[in-house]
Amino acid sequence: MSNAESAFPKIVTAGADAILVYLGEGIDPEVNDRIMALTNRVSSALGNNLYDLVPSYNSLMIYYNVLSLSEDELRECVRKLIDELQQDGDASGASKQSALHTIDVYYDPSVGPDLERAADQTSLSIDDIIKMHTEQEYRVYAMGFAPGFAYLGELPEKLRLPRLDNPRTKIPAGSVAIAEAQTAVYPSASPGGWNIIGRTAETLYDPQADSISPMKVGDRVQFKAVSKDEFEQAGGSLESLS
């Protein structure tokens, strides 16, 4: 076992009522599967003792009720669940049971102002970029930055571009973007520094709904190219970027 492998699992205190559990590092689908499997087991085992569970790429934040559970008791329980998970070896089931979301996207420079530059920098045609971006499924590795913002990975190597040197002050809701190894949809209007290649009419953030986002960590996403007419008929806006 390498030094990197032996460093995990790692459990650290993350506040007066939270611990953070690491099962690995970087963007790794197998580690993320184990995180999701651990999330399910912690939820089942501790139930009402928990306030919230926040899974991410390689970690799980556990918020707990300090009046019913001590940190030492929580740590002991989590270690036991991790041991059981390793012995059972059932983590791969987490991604197989996840939801698949299909997101229609209008790919065009009018709504994707970085599309032509992306083609130049990657030495690909715009059609190639659209094909590569839509031909695979992506995993939701984390939720964050803004409510409903899902970090999706991993992009094909040829599509990977750095973030913008100067972030934009306002990106319209539904903007589809790429940066480094990930892709995402801006669920609401916000500043941002990713490369915008298209836009969707889908609602990915609804503060009035029971769940503000249709996506959660562990889900899968497939993008589908649509025409301008289809985009506008679905309620899509051609608002320009700031």
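The second largest pocket of this predicted model has a volume of about 240 Å³. It is lined by 16 residues, and those closest to its centre are Pro 55, Met 143, Met 215, Lys 216 and Val 217. Strand E3, which spans residues 50–55, supplies the largest share of the lining, with 4 residues. By residue class, the lining holds 10 nonpolar, 4 polar and 2 charged residues.

The next topic is a sheet. It is an open sheet of 7 strands with mixed pairing, and the strand order is E5-E13-E6-E7-E10-E9-E12. At its edges lie E5 (100–105) and E12, each of which pairs on one side only. On average, neighbouring strands of the sheet are turned by 35° against each other, with direction ignored. Helix H6, made of residues 126–134, packs on this sheet and touches E6 (137–143), E9, E10, E12 and E13 (220–225). The direction of H6 makes about 150° with that of E13.

Within the sheet, strand E9 can be followed residue by residue. E9 covers residues 175–179, and 5 of its 5 residues are buried, so the strand is largely enclosed by the rest of the structure. Buried here stands for a relative accessible area under 20%. The burial applies to both faces of E9: one side carries Ser 175, Ala 177 and Ala 179, the other carries Val 176 and Ile 178, and all of these are buried.

E9 has E10 and E12 as its neighbours in the strand order. With E12, which runs over residues 195–199, E9 pairs in the antiparallel sense through 4 bridges. Among the residues of E9 bridged to this strand, Val 176 has Gly 198 as its partner, and Ala 177 is bridged to Ile 196.

The pairing of E9 with E10 (residues 182–185) is likewise antiparallel and also has 4 bridges. Here Ile 178 of E9 has Thr 183 of E10 as its bridge partner. What connects these two strands? E9 and E10 form a hairpin with 2 residues between them. One residue in the turn, Glu 180, has a positive phi of about 55°.

Taken together, these features place E9 between two antiparallel partners, E12 and E10. E9 is also one of the strands touched by helix H6, and its residues are buried on both faces. E12, by contrast, is an edge strand that pairs on one side only.

Technical notes. Residues are numbered from 1 along each chain as its sequence is written. This is a predicted model: local features need pLDDT of at least 70, side-chain atom pairs count only at pLDDT 80 or more; totals for chains, interfaces and linings use all residues. Side-chain values use heavy atoms; hydrogens and water are left out. On a 1 Å grid over the protein atoms alone, a cavity is a set of points where a 1.4 Å probe fits but cannot get out, and a pocket is an open set with protein on both sides within 12 Å along at least five of seven lines; lining residues have an atom within 4 Å of a point. Grid points are joined across faces, edges and corners, and a volume is the space filled by probe spheres set on the points. Ala, Val, Leu, Ile, Met, Phe, Trp, Tyr, Cys and Pro count as nonpolar, Asp, Glu, Lys and Arg as charged, and the others, Gly among them, as polar. Buried means under 20% relative accessible area, exposed over 50%, partly exposed in between (1.4 Å probe, protein chains only). Two strands pair if DSSP finds at least two bridges between them. Axes are lines fitted to C-alpha atoms, for helices over the stretch in contact, and angles run from 0 to 180 degrees between N-to-C directions. Contact means heavy atoms within 4.5 Å.
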